[in-house]
Amino acid sequence: MKFKKVILVIVVAITVLTVYGVKTNWFLKQLYPKKYSQQVYFYSNQYGVDPNLVFAMIKAESNFNPDSVSSKGAIGLMQVIPETGTWVANYIGIKNFSVNMLFNPDYNINIGTWYLKYLLKQFNNDVTLAVAAYNGGSGNVSNWLKDKRYSENGSNLKKVPFSETDKYIKKVLKYYKIYTNLYK
């Protein structure tokens, strides 16, 4: 009899959690969190970038791990390449910048968000092109837009020649859609 009561309590608890989770999107919010939201909202507002795009990029780049380092040497939450980080830090006036500062979420999100805004501006606020450039390089994206194999009109990419960048674009845009819909 005692065993049946325990099972009943477990079933009721799972049912309540499931109903609550479905109603509030609790489960999805665990998979797609808004960690470092203070920094994301601050720098997104400062640079005029949709914070949901920044969250999507952080999710895709590092899954919110500030100590992440890629095989190509990109560092931190937004996987900033040291050369890019140094250039942006000098441009926006971060004094005494060192590459290790990219492990700090505040500096990383500041630099990564500014750079994302720079790419959005360069590519006429086209999110797909900016995301492609963030991963594959702005020079490559500019060249692809001029190449009939990759762009029919010079404004959109019909094909991305780097498979890693193609997968990255799809992942970020999927996460961006999820963040936008989940956190309306």
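**Exercise 1. The charged pair in α9**

Is K170 buried or exposed? Name also the partner of K170 in a salt bridge, and place both residues in the chain.

*Solution.* The structure is a predicted model, in which local features need pLDDT of at least 70 and side-chain atom pairs pLDDT 80 or more, while totals for chains, interfaces and linings use all residues. Residues are numbered from 1 along each chain as its sequence is written, and side-chain values use heavy atoms, without hydrogens and water.

Step 1. K170 has a relative accessibility of 54%, so it counts as exposed (buried: under 20% relative accessible area; exposed: over 50%; partly exposed: in between; 1.4 Å probe, protein chains only).

Step 2. The partner of K170 is D166, and the closest N and O atoms of this salt bridge are 3.0 Å apart (a side-chain nitrogen of Lys or Arg within 4 Å of a carboxyl oxygen of Asp or Glu).

Step 3. Both residues belong to helix α9, where 4 residues, about one turn of the helix, separate K170 from D166 (helices are DSSP runs of H or I, at least four residues, and strands are runs of E, at least two, numbered from the N terminus).

Step 4. D166 has a relative accessibility of 24% and therefore counts as partly exposed.

**Exercise 2. Further salt bridges**

How many salt bridges does a search of the whole structure find? Describe the one formed by D147 and the one formed by K158.

*Solution.* Step 1. The search of the whole structure gives 4 salt bridges.

Step 2. One of them joins D147 to R149, with 2.6 Å between the closest N and O atoms. R149 is exposed, because its relative accessibility is 55%.

Step 3. Another joins K158 to E152, with the closest N and O atoms 3.7 Å apart. With 49% relative accessibility, K158 is partly exposed, whereas E152 is exposed at 58%.

**Exercise 3. Two aromatic pairs**

How many aromatic pairs does a search of the whole structure find? Classify the pair of Y115 and Y134, then that of W144 and F162.

*Solution.* Step 1. The search finds 16 aromatic pairs (rings of Phe, Tyr and Trp, the latter by its six-membered ring, with centres within 6.5 Å; stacked if the planes are under 30 degrees apart, edge-to-face if over 60, otherwise tilted).

Step 2. For Y115 and Y134, the ring centres are 5.8 Å apart and the planes stand at 50°, so this pair is tilted.

Step 3. Y115 belongs to helix α6 (residues 105-122) and Y134 to helix α7, so their pair ties together parts that are 19 residues apart in sequence. Y115 is buried, at 14% relative accessibility, and Y134 is buried as well, at 11%.

Step 4. The ring centres of W144 and F162 lie 5.0 Å apart with planes at 85°, so this pair is edge-to-face.

Step 5. W144 is in helix α8 (residues 138-146) and F162 in the loop between α8 and α9, so the pair links parts 18 residues apart in sequence. W144 is buried, with a relative accessibility of 6%, but F162 is partly exposed, with 36%.

Step 6. One aromatic cluster is made up of Y32, Y41, F55, Y175, Y179 and Y183.

**Exercise 4. Residues in loops**

Where is I94 found? Where are F64 and N125 found, and what is the phi of F64 and of N125?

*Solution.* Step 1. I94 is in the loop between α5 (82-92) and α6. I94 is buried, at 13% relative accessibility. From I94 to Y107 there are 13 residues in sequence and, C-alpha to C-alpha, 8.9 Å in space.

Step 2. Most residues other than glycine have a negative phi.

Step 3. The phi of F64, however, is positive, near 70°. F64 is placed in the loop between α4 and α5, and is buried, with a relative accessible area of 5%.

Step 4. N125, not a glycine either, has a positive phi of about 60°. N125 lies in the loop between α6 and α7, and its relative accessibility of 51% makes it exposed.

Step 5. The two residues with positive phi can now be set side by side: F64 is buried, whereas N125 is exposed.
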